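Ready for some practice in reading a fold? Have the sequence and the model open side by side, and try each exercise before you look at its solution.

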Amino acid sequence: MVGRGEGDGGDAVDDPSAEVLGEAAAVFGLLAAPPRLHIVWALTQGERDVSGLAERIGGALPAVSQHLTKLKLAGLVRSRREGRRVVYFVDDPDVVAVVRLLFDRLAARHGGRSAAAPADLRSFGA
């Protein structure tokens with residue numbers, strides 16, 4: 001467990017550096033917006049272009065595009081050009097694992113639904 005030290009029964013583990021804490025807080029801050037979290041969730045299921053994402057999450061195309069820009073700048077999402085289309089994807093297996101774990105845990109608390117069939121995120125304010 002992070003932060004446990006000697007005298008509390010656990011092995012001493014170094015706390016994360018200020019740089020790592022700051023970076024983690026920034027990533028979690030980005031994912032704290034339901035539309036961005038929904039975009040990342042959708043991209044863990046497979047690649048999509050901006051119009052496909054807008055349709056999937058129920059958002060306006062310009063808003064989804066802005067969210068994608070922020071996620072790209074943070075390194076959570078990547079893109080590539082396919083002809084005239086730009087396709088977005090999550091290329092980091094750790095990001096995919098964290099997002100899926102989060103949804104699996106929350107789904108288990110709310111009726112046992114698996115992350116393979118998540119609740120509509122619009123109910124979370126997306």
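## Exercise 1: Getting oriented

The protein chain in this predicted model contains five helices and three strands.

**Task.** In what order do the elements of the protein chain run from the N terminus on?

**Solution.**
- Start at the N terminus and walk along: the order is α-α-β-α-α-β-β-α.
- Now look at the overall burial: of the 126 residues in the protein chain, 28% are buried.
- Then turn to the surface, where the chain exposes about 8100 Å², with carbon and sulfur atoms supplying 54% of that area.

## Exercise 2: Where to read with care

**Task.** Over which residues is the pLDDT below 50?

**Solution.**
- Begin with the whole protein chain, which has a mean pLDDT of 84, with 79% of its residues at 70 or more.
- At one end, residues 1-6 have a pLDDT below 50, and this stretch makes 14 contacts in the model beyond near neighbours in sequence.
- Residues 116-126 also stay under 50, with 17 contacts beyond four places in sequence.
- Where pLDDT is low, predicted coordinates should not be read in detail.

## Exercise 3: Building the sheet

**Task.** In what order do the three strands lie in the open sheet, and which strands stand at the edges?

**Solution.**
- Take strand 2 (residues 78-82) and strand 3: they pair in the antiparallel sense over five bridges.
- Within that pairing, E82 stands opposite R85 of strand 3.
- The hairpin of strand 2 and strand 3 has two residues between the strands, and G83 there takes a positive phi near 65°.
- Next, strand 1 (residues 48-49) pairs with strand 3 (residues 85-89), again antiparallel, over two bridges. Here R48 has Y88 as its bridge partner.
- Put these together and you get an open antiparallel sheet in the order 1-3-2.
- Strand 1 and strand 2 each have a single partner strand, so they stand at the edges and one side of each is left without a neighbour in the sheet.

## Exercise 4: Finding the core

**Task.** Which helix gives the largest share of the largest nonpolar core?

**Solution.**
- The largest nonpolar core holds 22 residues, and I39, V40, L43, L53, L68 and V77 touch the most other members.
- Helix 1 (18-31), helix 2 (34-45), helix 3 (50-57), helix 4 (61-73) and helix 5 (93-109) each give two or more residues to this core.
- The largest share, six residues, comes from helix 2.
- For a close-up, select V77: beyond four places in sequence, its contacts include V40, L43, L68 and L71, as well as Y88, F89 and V90.

## Exercise 5: A residue in a loop

**Task.** Is A33 buried or exposed?

**Solution.**
- Locate A33 in the loop between helix 1 and helix 2.
- Its relative accessible area is 16%, and the cut-off for buried is under 20%.
- A33 is therefore buried.
- To see how the chain comes back towards this loop residue, find H67: A33 and H67 are 34 residues apart along the chain, with their C-alpha atoms separated by 9.3 Å.
- For the whole protein chain, 47% of the contacts between residues at least 6 apart in sequence join residues at least 24 apart.

Definitions and conventions
Residues are numbered from 1 along each chain as its sequence is written. This is a predicted model: local features need pLDDT of at least 70, side-chain atom pairs count only at pLDDT 80 or more; totals for chains, interfaces and linings use all residues. Side-chain values use heavy atoms; hydrogens and water are left out. pLDDT is the predictor's confidence in each residue, from 0 to 100. Contact means heavy atoms within 4.5 Å. Two strands pair if DSSP finds at least two bridges between them. Helices (H or I, at least four residues) and strands (E, at least two) are DSSP runs, numbered from the N terminus. A nonpolar core is a set of buried Ala, Val, Leu, Ile, Met, Phe, Trp, Tyr and Cys residues joined through side-chain atoms within 4.5 Å. Buried means under 20% relative accessible area, exposed over 50%, partly exposed in between (1.4 Å probe, protein chains only). Accessible areas come from the Shrake-Rupley method with a 1.4 Å probe; for residues, only the protein chains shown count as cover.
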